[in-house]
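Dear colleague,

I am passing on to you the structure we spoke about, with some notes on what came out of going through it. Please look at it first and then read on.

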Amino acid sequence: MTSIIDKKTSDGFTSAMEEIHNAHLTTYGEITDMTTELGQSHKQFVKSTLDVCLKKCKDDEMLFETIQMFKRDLVQKKVSLKGKQHAVSEMISENQQKEMQKDDTIQKIEKLKEEQAKRKELMQSQNKANKNRLKNLQKSRVVFQDHLGMEMRTILGKTQLAKGEKLQFVFRNINRSDQDSAYVVTMGIKEDVSYQIVSSDPVLECLPVLESRLQETNNLAAFLANVRNKFISQARC
């Protein structure tokens, strides 16, 4: 079959891929800024906790001095002994509550550290996956556009089901009687960076099966080859 390459379409594809790449870089920058803000917030929280701990130490010193004063006055104030014992008991209870609050604060700090580490790991994983998918798309584009008469377009989904940017693969050289007839499959990438098949034109009944296989193998080139074969089989029935 003769490979059909439209320079304008190729340039458009290159521009679209650059826009997608720039969008990814922008998203990564936003994630980095968010991580920096979280780090600053964490530092402020630790400083605040340290101030509370220092204040507590001073309060403990004052409490100790008060208890010593009670002991010195014990002989002279036997009549008010019960009242002073009650006051000391309340102060000790308050000190224990502060200790419990300190332990709770420490646990919260550790939890925040763990959550921040998980978020960082997730962002790194998603960024790596996005790079791999972009590389995979570029390889698929070369194989199919140059050898099998396929072009790839970036479109903006308008329906609730197909919201956001989508990739549209247009196959030609399918129907022997009409080589220029377009056979289209539209897909996107979900938040978990897995592929999502939106539609095909004409409709392929086996599309859910092909999508499931794509999710398992992550092999976009094989998926597109299978789709092309199904279109050919359907056109020549």
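Which residues in H1 are buried? Bearing in mind that this is a predicted model, they are Ser10, Phe13, Ala16, Met17, Ile20, His42, Thr49, Lys56, Leu63, Phe70 and Asp73. The helix itself runs over residues 7-74, and because 68 residues at 1.5 Å each should span 100 Å, the 99 Å between its end C-alpha atoms agrees with that expectation.

On the surface, Phe45, Val46 and Leu112 together make a nonpolar patch of about 210 Å². Of these, Leu112 belongs to helix H2, which covers residues 81-147, and it counts as partly exposed because its relative accessibility is 37%.

As for the cysteines, the number of disulfides comes to zero. The sulfur of Cys57 has its closest cysteine sulfur in Cys53, but the two are 6.9 Å apart and therefore too far from each other for a bond, given a cut-off of 2.5 Å. Cys57 is partly exposed, at 43% relative accessibility, and Cys206 is likewise classed as partly exposed, with a value of 24%.

Further along the chain, strands E3 (residues 183-189) and E4 (residues 195-201) run antiparallel and are joined by six bridges, with Met187 standing opposite Ile197 of E4. The two strands form a hairpin that has five residues between them, and in its turn Val193 has a positive phi of about 55°.

With best regards

Note on methods:
Residues numbered from 1 in each chain as written. Predicted model: local features only at pLDDT ≥ 70, side-chain atom pairs only at ≥ 80, totals over all residues. Heavy atoms only, no water. Pairing = 2+ DSSP bridges. Helix = DSSP H or I, 4+ residues; strand = E, 2+ residues; numbered from the N terminus. Expected span 1.5 Å × (residues − 1). Buried < 20%, exposed > 50% of the residue type's maximum accessible area, 1.4 Å probe, protein only. Patch = residues over 30% accessible without salt bridge, like charges linked within 9 Å, V, L, I, M, F, W, Y side chains within 5 Å. Areas by Shrake-Rupley, 256 points an atom, 1.4 Å probe, with all protein chains shown as cover. Salt bridge = Lys/Arg side-chain N within 4 Å of Asp/Glu carboxyl O.
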